[in-house]
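Please find below my notes on the model under review. They are set out as numbered points.

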Amino acid sequence: MEIGIIGTGKLAHKLAFAINALPHATLKIICGRSASKAKRILESGNPTYIDKIGEIPKLDLLIISVSDDSIREVSQQINASTETLVVHTSGIKDIDILGAHANRGILYPLYSFFDKKKQVLKEVPFLLEANNAVLLGKLKLFAEAISNKVYEVNPVNKKQLHLAAVFANNFSNFMMTTAHDILSQEGIDKEILLPIIKQSCMNWIKGEAVNNQSGPALRGDTKTQEVHIHKLTSKDQKDIYESISKAIHNYYK
Ligand SMILES: NC(=O)c1ccc[n+]([C@@H]2O[C@H](COP(=O)([O-])OP(=O)(O)OC[C@H]3O[C@@H](n4cnc5c(N)ncnc54)[C@H](OP(=O)(O)O)[C@@H]3O)[C@@H](O)[C@H]2O)c1
């Protein structure tokens, strides 16, 4: 299977390294706006670097891994052969954004990638869509070679999963950053929060998060909440505290 990737960002790197490790697939093309951004991919395998999307040759699979807002524009520049399966990697964009291509699909990893280092993707869930069953089968074969967790989804489920992941990962990660910042103001080592953070993850894994809520918002301890809000230093932190406390109170009342 001959594969190309458009994009030289975080996910493009992860996918390129994973494809390079496959015995029955070859990363033939890396297409990006700057060769220096593809340097590590080019060094780790043997793909050809192209900077003009319109010059990408015939491939079995072409993965568009660019910013969500550029997918349509990039897709329109591809002169893909009718046999090429063109996919994007976004959790929020629909398959029809690739409308010009007869064979189209989505290869969305439900995970957070924040660097360009090599990473084993075996435990990363990959959510797939394609515009017909044959293409879905082809995409599934490819995805199963790089991950043990491959799922066929519909557009509604995919967006719902993307939304849930924003809460489970992006928001919770930012909450932990905020907790860290609050401790840093008093020079307290963040390690002391490790048991309570582990407890939150274990509650979720055991399916008990909903039954294991505690804290001043649940108890309705408004005086405690006032002390906390007073101690917070930024308006954003105060707004987050008030809005989440209100949501907890309303959820459990
Ligand atoms: N990172 C994640 O955790 C993650 C997880 C799942 C899915 N995804 C999806 O994967 C896709 C890429 O995300 P990412 O995190 O890898 O992004 P990223 O690291 O910010 O990289 C974005 C890439 O898009 C390229 N690009 C942007 N506009 C372009 C245009 N008009 N023409 C050509 N190239 C363009 C950028 O090129 P320049 O460097 O030249 O600007 C860069 O190579 C997105 O659809 C995202 O939703 C990401």
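At what angle do helix H8 and helix H9 pack, and how far apart are their axes?

1. The structure is a predicted model. In it, helix H8 (residues 222–231) packs against helix H9 (residues 235–252) at an angle of about 160°, and their axes are 9 Å apart. Because angles over 145 degrees count as roughly antiparallel, H8 is roughly antiparallel to H9. The crossing of these two helices is right-handed.

2. The residues that make this contact can be listed by helix. H8 contributes Gln225, His228 and Ile229, while H9 contributes Lys238, Tyr241, Glu242 and Ser245. By class, the residues of the contact of H8 with H9 are two nonpolar, three polar and two charged.

3. The loop between H8 and H9 deserves its own entry, and Thr233 is placed there. Is Thr233 buried or exposed? Thr233 has 10 other C-beta atoms within 10 Å and is therefore exposed, the cut-off for that class being 12 or fewer. Its C-alpha atom is separated by 15 Å from that of Gly187, and these two residues are 46 residues apart along the chain.

4. The ligand is the next topic. Which of the 25 residues around the ligand come nearest? They are Gly9, Leu11, Arg33, Val66 and Ser70. Two or more residues of the shell are given by each of helix H1 (10–20), helix H3 (71–77) and strand E6 (104–109). H1 supplies the largest share, three residues.

5. The composition of the shell around the ligand may also be of use at the bench. Sorted by class, the shell has twelve polar, eight nonpolar and five charged residues.

6. For the chain as a whole, the model shows nine helices and eight strands. The C-alpha trace spans about 65 × 40 × 30 Å along its principal axes. Of the 253 residues in the chain, 26% are buried. Where contacts join residues at least 6 apart in sequence, 54% of them link residues at least 24 apart.

7. Asp94 is found in the loop between strand E5 (85–88) and E6. With 15 other C-beta atoms within 10 Å, Asp94 is partly exposed. How far apart in space are Asp94 and Pro155? Although their positions lie 61 residues apart in sequence terms, the distance from C-alpha to C-alpha is 6.8 Å.

8. Gln119 belongs to the loop between E6 and strand E7 (126–130). It has 14 C-beta neighbours inside 10 Å, so Gln119 counts as partly exposed. The C-alpha atoms of Gln119 and Gly99 are separated by 32 Å, and the two residues are 20 residues apart along the chain.

9. Pro57 sits in the loop between strand E3 (48–50) and strand E4 (61–64). Why is Pro57 classed as partly exposed? The reason is its count of 15 other C-beta atoms within 10 Å, since a residue is buried at 20 or more and exposed at 12 or fewer. Between the C-alpha atoms of Pro57 and Ala247 there is a separation of 52 Å, and these residues are 190 residues apart along the chain.

Terms used. Residues are numbered from 1 along each chain as its sequence is written. This is a predicted model: local features need pLDDT of at least 70, side-chain atom pairs count only at pLDDT 80 or more; totals for chains, interfaces and linings use all residues. A residue is near a molecule or strand if its C-beta atom, placed from the backbone, lies within 6 Å of it. Helices (H or I, at least four residues) and strands (E, at least two) are DSSP runs, numbered from the N terminus. Ala, Val, Leu, Ile, Met, Phe, Trp, Tyr, Cys and Pro count as nonpolar, Asp, Glu, Lys and Arg as charged, and the others, Gly among them, as polar. Axes are lines fitted to C-alpha atoms, for helices over the stretch in contact, and angles run from 0 to 180 degrees between N-to-C directions. Angles under 35 degrees count as roughly parallel, over 145 as roughly antiparallel, 65 to 115 as roughly perpendicular and the rest as oblique. A crossing is left-handed if the near helix is turned anticlockwise from the far one by less than a right angle, and right-handed if clockwise. Two residues are in contact if their C-beta atoms, placed from the backbone, lie within 7 Å.
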